[in-house]
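Colleague: I'm new to this one and would like a close look at a single part, the largest pocket, with a little scene-setting on the way in. Please walk me through it in plain words.

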Amino acid sequence: MKREKNMKTIDTLIENYSYEDLAHALYLKGEKDGAQKITDKTQWREFVIAEKLGHKAFDKISAGKGSDKYGADAYEADGQTAEYKSKAINDKEVRNLTEKIKYKKSGARFAPLNVPGVYNGAYSPEAIEAYSHHNHYFGVFWKERCVLIIKPNTEFVIDTLTENNNNRKDGATTNLNSVVVNLGDTSKYEVAFKDEVFFEKNS
């Protein structure tokens with residue numbers, strides 16, 4: 001019932017307010033919650049993930065080197081630092097997310113979704129080591145609604161970042177060090193949040 005009411009409110013906002021008005025409202029809400037320029041670099045997604053998980057998102061986009069918060073985006077309830085990544089999916093990718101049946105006769109399903117996390121700061125052994133102190137969460141957003149959050153194993157994240165960095169060619173960008181989690185490989189992650197209504201509707 002609450003969700004239906006929220007959707008009616010959203011429909012009203014869409015019909016009566018411009019992109020500028022909605023973006024401005026998002027900025028002001030973030031400012032009220034202590035965020036600095038929440039509309040930059042999709043920082044607002046970090047607040048969404050934090051809210052879903054009961055965490056406290058940092059008010060700044062990134063912390064400086066040497067800080068215990070370096071490479072993290074939030075504190076968990078027990079004080080543990082957490083790093084967030086997010087992926088926006090299109091309508092076709094929903095089939096992969098929910099592994100919808102592709103062929104009814106055989107029961108074959110669409111291939112599981114790959115969820116990437118890009119670590120632009122993971123360009124040295126020291127930087128990668130700093131990421132080993134955080135828990136990692138990858139959020140999946142459909143039409144900017146968070147429908148799934150997974151928690152990749154930290155060891156898998158660090159091993160992947162290390163391997164990628166070791167294989168980086170001289171002169172190559174120090175950004176875009178990525179960790180990709182295939183949702184079919186459940187040994188690599190655990191589910192931290194799942195929108196059951198969304199999955200039931202789209203499976």
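**Towards the largest pocket**

Modeller: Let's warm up with charged pairs: five salt bridges are found in the structure, each one a side-chain nitrogen of Lys or Arg within 4 Å of a carboxyl oxygen of Asp or Glu. Keep in mind that this is a predicted model, where local features need pLDDT of at least 70 and side-chain atom pairs count only at pLDDT 80 or more, while totals for chains, interfaces and linings use all residues. Residues are numbered from 1 along each chain as its sequence is written, and side-chain values use heavy atoms, with hydrogens and water left out.

One of those bridges joins Asp33 to Lys29, at 3.9 Å from N to O. Lys29 is exposed because its relative accessibility is 56%, and exposed means over 50%, buried under 20% and partly exposed in between, using a 1.4 Å probe and protein chains only. Its partner Asp33 is partly exposed, at 37%. Another bridge links Glu93 with Lys87 at 3.3 Å, N to O, and here Lys87 counts as buried, since its relative accessibility is 15%. Asp185 and Lys188 also pair up, with 2.8 Å from N to O. Both ends of that pair are partly exposed, Asp185 at 28% and Lys188 at 26%.

Now for the part you asked about. The largest pocket holds about 1700 Å³ of space. A pocket here is an open set of points on a 1 Å grid over the protein atoms alone, where a 1.4 Å probe fits and protein lies on both sides within 12 Å along at least five of seven lines; lining residues have an atom within 4 Å of a point. The points are joined across faces, edges and corners, and the volume is the space filled by probe spheres set on them. The idea is simple: rolling a probe the size of a water molecule over the atoms shows where empty space is left.

Which residues sit closest to the centre of the largest pocket? They are Ile10, Trp44, Val48, Glu144 and Arg145, out of 37 residues in the lining. The elements that each give two or more residues to that lining are helices H1 (2–16), H2 (19–32), H3 (43–53) and H7 (196–202), along with strands E1 (56–57) and E8 (145–152). Those labels are DSSP runs numbered from the N terminus, with helices (H or I) of at least four residues and strands (E) of at least two. By type, the lining has 20 nonpolar residues, 12 charged and five polar. Nonpolar covers Ala, Val, Leu, Ile, Met, Phe, Trp, Tyr, Cys and Pro, charged covers Asp, Glu, Lys and Arg, and polar is the rest, Gly among them.

Glu144 deserves a second glance. Glu144 is found in the loop between E7 and E8, and so is Lys143, with E7 spanning 135–142. Most residues other than glycine have a negative phi. Glu144, however, has a positive phi of about 65°, and Lys143 has a positive phi of about 50°. Glu144 is partly exposed because its relative accessibility is 41%, whereas Lys143 is exposed, at 60%.

Ile10 turns up again as well. Together with Met7 and Ile14, Ile10 forms a nonpolar patch on the surface, with about 250 Å² of accessible area in total. Patches are made of residues with over 30% relative accessible area and no salt bridge; like charges are joined within 9 Å, and nonpolar side chains (Val, Leu, Ile, Met, Phe, Trp, Tyr) within 5 Å. The areas come from the Shrake-Rupley method with a 1.4 Å probe, and for residues only the protein chains shown count as cover. Ile14 is part of helix H1 and counts as exposed, since its relative accessible area is 56%.

Helix H1 also contains Arg3, which is partly exposed at 36%. For a sense of span, the C-alpha atoms of Arg3 and Thr186 are separated by 30 Å, with their positions 183 residues apart along the chain. Gly71 and His133, by contrast, are 62 residues apart in sequence and 9.4 Å apart in space, C-alpha to C-alpha. Gly71 lies in the loop between E1 and strand E2 (74–75), and it is buried, at 13%.
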